[in-house]
Amino acid sequence: MNAAEFQRARSPEAKRLREASILEAARALGRERGIRSVTLTDIAAAVGMHKSALLRYFETREEIFLLLTAEGWQEWSQALTERLRAEPDPGPAGVAQAFAATLAARGLFCDLLAHAPLTLERNVSLDVVRDFKLGTLAARVPITAVVRERLPALGERETGDLIATAVALAGALWQIATPPAEVAALYRSDPRLAHAVVEVEPRLARILTATITGMTHGQPQPRP
């Protein structure tokens, strides 16, 4: 559909479908280009409408990507809790690996995690921020419950710190691990720059293992 063919959604169902198509276009563009480079005009063009028409559905590009971040939290929460329940090693290394693997497998989510506090929460209404924060809080509840089942030595505050550390590091490490192609080639061409080549999953797993070990040091661990 091009901009000339676009017609404004007239019914609630049509509006819902239009919003879903906008979100899907933003998701695809984010995966392809990275969140930083996607504009509202790009999203509008991808769904065949003018930018002014898109603003009838979402107030800013930041709202669109913040909604995708909230969706990412819900999807990751479900995937992580399933992985943790199935994890044969309930110790620090096993729990850390579950966090690292499920985050590293979700590149767009990691990208969004980095941008959410820096930009996405700063150009939207207070209602949008409130809904986002409450949504992420709800996504943390099942994660907290399963982590504390796996690691009874962790209290609720420590588990909250673990989740916050995992998502913050995942967002940061993803940015470091995905530089522009020419920069990545430079890192790999010069042995002196080997330290700049980062793999998200193993680095995150090591740091989270150390974090959890420190949190549970001296505390009784569950029996196998």
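**Helices that meet**

Visitor: Which residues in α10 are met by residues of α5 such as Pro 92, Ala 93 and Val 95?
Guide: Helices here are DSSP runs (H or I, at least four residues), numbered from the N terminus, and contact means heavy atoms within 4.5 Å. On the α5 side are Pro 92, Ala 93, Val 95, Ala 96, Gln 97, Phe 99, Ala 100, Ala 101, Leu 103 and Ala 104. They meet, in α10, Val 200, Glu 201, Leu 204, Ala 205, Leu 208, Thr 209, Ile 212, Thr 213 and Thr 216.

Visitor: How many residues of that contact are charged?
Guide: This is a predicted model, where local features need pLDDT of at least 70, side-chain atom pairs count only at pLDDT 80 or more, and totals for chains, interfaces and linings use all residues. Residues are numbered from 1 along each chain as its sequence is written, and side-chain values use heavy atoms, leaving out hydrogens and water. Ala, Val, Leu, Ile, Met, Phe, Trp, Tyr, Cys and Pro count as nonpolar, Asp, Glu, Lys and Arg as charged, and the others, Gly among them, as polar. For α5 with α10, that gives 14 nonpolar, four polar and, as charged, one.

Visitor: How far apart are the axes of α4 and α5?
Guide: Axes are lines fitted to C-alpha atoms, for helices over the stretch in contact, and angles run from 0 to 180 degrees between N-to-C directions. Helix α4 (residues 61-86) packs with α5 at about 145°, and their axes are apart by 10 Å.

Visitor: Is Thr 144 buried or exposed?
Guide: Thr 144 sits in helix α7 (residues 126-150). Buried means under 20% relative accessible area, exposed over 50%, partly exposed in between (1.4 Å probe, protein chains only). Because its relative accessibility is 16%, Thr 144 counts as buried.

Definitions and conventions
Helix = DSSP H or I, 4+ residues; strand = E, 2+ residues; numbered from the N terminus.
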